[in-house]
Amino acid sequence: DCGCLEAFGQGESLLQDPGCAEELEDRLHFYVEECDYLQGFQVLCDLHNGFAGVGAKVTELLCDEYAGKGILTWGLTPVWSNVGVSKQWGKPRSDAVVPDLDEAVTSSHLLRFSRLGFFSPQDSQKNIYRLMNAALGVVHLSRHSSLFCPMSLSGSLGIT
């Protein structure tokens, strides 16, 4: 609600705090010591908000401290809107016009869609944040993972 982790950089800077990073490392080492034969890690991470930055720093830490261990990262995005879907049976309405994802990349296009009633100006800013978070998350998480797999129930990485 407070918007503390709205952007990728805010999540990344969270683990720059020595207290937070130390607590994470302590908990990680505790669980690793309990393993008989550690084969690797699975990381589940939201891509649409600042947790993408947290996940990027965590996978970087895992990659540095446990070189040679597999890191399987799942980048998760939500389904945000049912614009153009009827409430009765979840079928597309014939009178609905849904903006194409390729066109919804720039802020000018998002503002145009907001004028048509698709998004409020606040939603367009959130969509820009979501797009940037998803892009930065995919790049950083895939760099430090053995395998990166983005998952979503929508075809748009959670960006409306």
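Two strands count as paired if DSSP finds at least two bridges between them. Keep that cut-off at hand; the model used below is predicted.

**Exercise 1.** Decide whether strand 1 and strand 2 pair, and in which sense.

*Solution.* Start with the cut-off: at least two bridges. Strand 1 and strand 2 (residues 70-77) are joined over seven bridges. The pairing therefore holds under the definition, and its sense is parallel. For one bridge, take Q42: its partner in strand 2 is L72. Now add the helix. Helix 3 (residues 51-65) packs on the sheet and touches both strand 1 and strand 2. The direction of helix 3 makes about 165° with that of strand 1.

**Exercise 2.** Work out which strands stand at the edges of the sheet, and why one side of each lacks a neighbour.

*Solution.* Write down the order: an open sheet of three strands, 1-2-3, with parallel pairing. Strand 1 (40-46) and strand 3 (147-152) each have a single partner strand, so one side of each is left without a neighbour in the sheet. Then add the twist, which averages 15° from one strand to the next.

**Exercise 3.** Place the sheet in the chain: list the elements along the sequence, then describe contacts and burial.

*Solution.* Count the elements: five helices and three strands. Read along the sequence, they give α-α-β-α-β-α-α-β. Next, take contacts between residues at least 6 apart in sequence: 71% join residues at least 24 apart. For burial, 31% of the 160 residues count as buried. Finish with the surface: the accessible area is about 10,100 Å², and carbon and sulfur atoms hold 55% of it.

Notes: Residues numbered from 1 in each chain as written. Predicted model: local features only at pLDDT ≥ 70, side-chain atom pairs only at ≥ 80, totals over all residues. Heavy atoms only, no water. Helix = DSSP H or I, 4+ residues; strand = E, 2+ residues; numbered from the N terminus. Buried < 20%, exposed > 50% of the residue type's maximum accessible area, 1.4 Å probe, protein only. Contact = heavy atoms within 4.5 Å. Areas by Shrake-Rupley, 256 points an atom, 1.4 Å probe, with all protein chains shown as cover. Axes fitted to C-alpha atoms, helices over the stretch in contact; angles between N-to-C directions.
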